[in-house]
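Ready for a guided walk through a protein fold? Work through the exercises below with the structure open beside you.

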Amino acid sequence: MQGEEQPKTISQYTYNERGDDDDPPTLSSHALAALKEFVEEQNRTVARDEEEEEVAEKVCLVAEDWRLSQFWYDPLTAETVAQEVIALVCHFDNTDSSSLRRRVACVACPTLYAYIKKVNPDVSVQLLEYDKRFEQYGSNFTFYDYNRPDDLPCEFKHGFQIVVADPPYLSKECLEKVVQTVKFLATREKPYLLLLTGEVQMDRAAELLGLHPCGFRPQHSSKLGNEFRLFTNYDPGTRLGGWKQDK
Ligand SMILES: C[S@@+](CC[C@H](N)C(=O)[O-])C[C@H]1O[C@@H](n2cnc3c(N)ncnc32)[C@H](O)[C@@H]1O
């Protein structure tokens, strides 16, 4: 066999002329482009997975039932109002030692209830709601029909330092009845009241509860035709876009 040319093996073709493998392997421009595309796709997949995990961490709500006038806040609105409520709770915790006292009533605003609990599960919050699907919140849920504004557990009377309400309808009659409930629930001394409803209720909100609009504009996941406002009975300072009180 001496002097005869031996058939080359695959590994010999990939080696350089010296027959060693010291030089780094190089890729053709096509292979490089394919590799780049592969790495980019991998990065996109990781980003997508992270996004999905974040969404899974978000609050899970039942589907809106428009027959019940259900329009859920968009995440920014729910988070902003939840943070405001928690800021008020912290204020009480710093000024009053009875931190186990019932704090917050959410009247017909289940999204807010869910976000407050997401931000701080320790805050004492009661949801008053007509839709019994929210019975999933156990003893933190109380059935509430605005047509029977005072038909509530007697231990709730003047038991809440913070009351947030979002009436199901924009009628005068509905607001008046919800206001009756808000007055039933709110502590006699310095309650913090927040009302989320249509801008058309501005004069009534001022007249019935001394509320004024904030700069912050609540938005809903389903786009609504009506302009919504957040009204409060206190000056939120620089929070919530300030207070738009007529001088
Ligand atoms: C305009 S939505 C406010 C929801 C709020 N935007 C949220 O995301 O939590 C009105 C709420 O009133 C509730 N509702 C409907 N009929 C009611 C009734 N007869 N009495 C009290 N609440 C009622 C709905 O189930 C709904 O949660």
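Let us begin with contacts along the chain: residues 24 or more positions apart account for 62% of the contacts in the protein chain with a separation of 6 or more. Two residues are in contact if their C-beta atoms, placed from the backbone, lie within 7 Å. This is a predicted model, where local features need pLDDT of at least 70, side-chain atom pairs count only at pLDDT 80 or more, and totals for chains, interfaces and linings use all residues. Residues are numbered from 1 along each chain as its sequence is written.

**Exercise 1. Find how many helices and strands the protein chain has, and their pattern along the sequence.**

Step 1: Count the elements; the chain has six helices and seven strands. Helices (H or I, at least four residues) and strands (E, at least two) are DSSP runs, numbered from the N terminus.

Step 2: Read along the sequence to get the pattern α-α-α-β-α-β-β-β-α-β-α-β-β.

**Exercise 2. Work out the strand order of the sheet and name the strands at its edges.**

Step 1: Two strands pair if DSSP finds at least two bridges between them. The seven strands form an open sheet in the order 3-2-1-4-5-7-6, with mixed pairing.

Step 2: Strand 3 (141-143) and strand 6 (212-213) are at the edges; each has a single partner strand, so one side of each is left without a neighbour in the sheet.

Step 3: Now look at individual pairs. Strand 4 (residues 162-165) and strand 5 (residues 192-198) are parallel, with four bridges, and alanine 165 stands opposite leucine 195. Strands 5 and 7 run antiparallel and are joined by five bridges, with glycine 198 opposite phenylalanine 228. Strands 6 and 7 are also antiparallel, with two bridges; here proline 213 has phenylalanine 231 as its bridge partner.

**Exercise 3. Decide which faces of strand 7 are covered.**

Step 1: Use the burial rule: a residue is buried if 20 or more other C-beta atoms lie within 10 Å of its own, exposed if 12 or fewer, and partly exposed in between, with C-beta atoms placed from the backbone.

Step 2: Recall that in a regular strand the side chains alternate between the two faces of the sheet.

Step 3: Check each side. Phe228, Leu230 and Thr232 on one side are buried, and so are Arg229 and Phe231 on the other, which leaves both faces covered.

**Exercise 4. Explain why helix 4 is largely enclosed by the rest of the structure.**

Step 1: Seven of the 10 residues of helix 4 (residues 110-119) are buried, so the helix is largely enclosed. Among them are Leu112, Tyr113 and Ile116.

Step 2: Look around the ligand, where 19 residues form the surroundings, with Trp72, Ala108, Thr111, Tyr130 and Pro168 the closest. A residue counts as near if its C-beta atom, placed from the backbone, lies within 6 Å of the molecule. Helix 4 gives the most to this shell, with three residues.

**Exercise 5. Place leucine 68 and list its contacts beyond its sequence neighbours.**

Step 1: Leucine 68 sits in the loop between helix 2 (29-57) and helix 3 (75-95).

Step 2: Leaving aside neighbours within four places in sequence, leucine 68 contacts Tyr130, Asp131 and Pro168. Leucine 68 and aspartate 131 are 63 residues apart in sequence, and their C-alpha atoms are 8.0 Å apart in space.

Step 3: Leucine 68 has 13 other C-beta atoms within 10 Å, so leucine 68 is partly exposed.
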